[in-house]
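Reader: Could you take me through how the helices of this chain pack against one another, and through a few of the residues that sit between them?

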Amino acid sequence: MKNLLTRILSGSIYVVLVVLAIMTIRYTPILFLVVFGLLTALCLWEVYKVTQEGDVMSPLFTIIDILGGVGVFLAFFLMYSGTADAASGSRSFWMLPIIIYLLVRVPLQLYSPITHAVHSLERSFYGIAFVAVPMGMANSICAVGSPMMLLAIFILLWVNDSGAYLVGSAIGKHKLFERISPHKSWEGFWGGAIASIVVAAVLGSYMGQYFPMSSNDVPLPLWGWIGMGLIVPIFGTLGDLSESLLKRTVGVKDTSHIIPGHGGFLDRLDSFLMACPATLVYFILLKTYF
């Protein structure tokens with residue numbers, strides 16, 4: 001019972017922070033930048049911690065990669081916030097955090113043992129590509145869609161996770177991807193997907209005005225919500241499996257134990273890291289062709 005209460009409390013704090021950060025971004029982006037920037041840094045730290053092998057990556061490299069990842073997240077924010085133009089008069093200003101990271105990280109590898117160079121750089125850029133870029137795309141969702149649509153992605157992911165767990169625990173028999181995640185089942189996947197589609201349809205039918213498709217308060221049509229309700233669980237599951245592959249490769253159960261009862265932040269955000277880019281593409285196609 002104590003472990004259950006701890007799990008509920010820590011999970012609730014995480015959910016409240018994410019929701020508040022997204023809902024206050026229209027008034028001030030400070031909480032959003034702090035929460036999502038910190039989540040980016042913590043997820044990167046977990047990636048580099050579990051993949052550390054000997055002296056392939058020094059603590060200095062890890063620090064630089066984490067700062068570089070936060071810089072990538074910040075670059076996405078600058079690109080969509082208008083800060084770039086105001087600060088420099090140039091639309092290329094948003095690229096500075098990425099350029100600075102590359103100009104520091106790659107030459108620094110010259111001072112590491114040459115036999116470790118490729119492996120070290122692979123691990124550095126894997127963390128940036130798997131964590132920092134998708135987290136940066138949270139800013140893209142807010143701009144291409146709206147902040148509330150970013151919240152909708154999280155809601156659908158949480159619904160999908162709950163539905164998949166409940167259905168999979170009750171009737172799951174056919175393994176979804178046993179080699180990577182032996183506990184996931186097709187029954188659980190479809191249970192979560194159906195729950196996500198139903199909730200998406202409810203949001204579109206009864207709360208669409210609170211979840212506009214764009215900053216101009218244009219509503220997403222019901223069929224668009226249903227499509228989103230399917231895309232989120234599909235790519236959320238792929239994100240979950242991708243993180244499971246990482247953990248299985250390095251032989252760990254959780255990426256860390258920062259969140260009591262839940263493991264690490266990467267364990268909580270793995271689904272988002274694939275669902276966010278996929279939903280962004282979906283929104284771009286919707287706004288372009290429909």
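Author: Let us begin with one pair of helices in this predicted model. The axes of helix α8 (residues 186-206) and helix α9 (residues 222-250) come within 8 Å of each other and cross at roughly 150 degrees.

Reader: How are α8 and α9 oriented, roughly parallel or roughly antiparallel?

Author: The axes of α8 and α9 cross at roughly 150 degrees, and the cut-off for the roughly antiparallel class is an angle over 145. The crossing of α8 and α9 is also right-handed. Because of that angle, α8 counts with respect to α9 as roughly antiparallel.

Reader: Which residues of α8 and α9 meet, and how many of them are charged?

Author: On the α8 side the residues are F189, A193, S196, I197, A200, A201, L203, G204 and S205, and they meet L222, W225, I226, G229, L230, P233, I234 and T237 in α9. Sorted by class, this contact of α8 with α9 has 12 nonpolar and five polar residues, and the number of charged residues is no more than that word says: no charged residues.

Reader: Is S196 of helix α8 buried or exposed, and which residues does S196 touch?

Author: S196 lies in helix α8, and its relative accessibility is 0%, so S196 counts as buried. When residues up to four places away in sequence are not counted, S196 touches L156, V159, N160, G229 and P233.

Reader: Turning to another pair, how are α3 and α6 oriented, roughly parallel or roughly antiparallel?

Author: Helix α3 (residues 59-81) and helix α6 (residues 117-144) pack with their axes 8 Å apart, at an angle of about 25 degrees. Because angles under 35 degrees fall in the roughly parallel class, α3 is, relative to α6, roughly parallel.

Reader: What is the handedness of the crossing of α3 and α6, and which residues make the contact?

Author: The crossing of α3 and α6 is right-handed. From α3 the contact takes F61, D65, G68, G69, V72, F73, F76, F77 and Y80, and from α6 it takes S120, S124, I128, A132, V133, M135, G136, M137, N139, S140 and A143.

Reader: How many residues of each class are in the contact of α3 with α6?

Author: The contact of α3 with α6 includes one charged residue and seven polar residues, and its nonpolar residues number 12.

Reader: Where is L108, and which residues are in contact with L108?

Author: L108 is found in helix α5 (residues 96-108). L108 and A138 are 30 residues apart in sequence, and their C-alpha atoms are 30 Å apart in space. Leaving aside its neighbours within four places in sequence, the residues in contact with L108 are L60, F61 and I64.

Reader: How do α7 and α10 cross, and which class does their angle fall in?

Author: The axes of helix α7 (residues 147-171) and α10 come within 10 Å, and they cross at roughly 130 degrees. That angle lies neither over 145 nor within 65 to 115 nor under 35 degrees, and the rest count as oblique, so α7 is, with respect to α10, oblique.

Reader: Which residues make the contact of α7 with α10, and how many of them are nonpolar?

Author: α7 passes α10 in a right-handed crossing. The contact is made by M149, L150, I153, F154, L157 and D161 of α7, together with L269, S271, F272, A275, T279 and F283 of α10. By class it has one charged residue and two polar residues, and the nonpolar residues number nine.

Reader: Is F154 of α7 buried or exposed, and which residues does F154 touch?

Author: F154 lies in helix α7 and, at 2% relative accessibility, counts as buried. The C-alpha atoms of F154 and A275 are separated by 9.2 Å, although the two residues are 121 residues apart along the chain. Not counting residues up to four places away in sequence, F154 touches Y14, V18, I22, F36, L269 and F272.

Reader: Which backbone oxygen does the side chain of T279 reach, and at what distance?

Author: T279 is found in helix α10 (residues 265-289), and its relative accessibility of 0% means that T279 counts as buried. Leaving aside neighbours within four places in sequence, T279 is in contact with I141, I153, M228, I231 and V232. Its side chain reaches the backbone oxygen of A275 at 2.7 Å.

Methods. Residues numbered from 1 in each chain as written. Predicted model: local features only at pLDDT ≥ 70, side-chain atom pairs only at ≥ 80, totals over all residues. Heavy atoms only, no water. Axes fitted to C-alpha atoms, helices over the stretch in contact; angles between N-to-C directions. Helix = DSSP H or I, 4+ residues; strand = E, 2+ residues; numbered from the N terminus. Left-handed = near helix turned anticlockwise from the far one by under 90°. Contact = heavy atoms within 4.5 Å. Nonpolar A, V, L, I, M, F, W, Y, C, P; charged D, E, K, R; others polar. Buried < 20%, exposed > 50% of the residue type's maximum accessible area, 1.4 Å probe, protein only. Polar contact = N/O pair within 3.5 Å; in protein donor to acceptor, adjacent residues only side chain to side chain.
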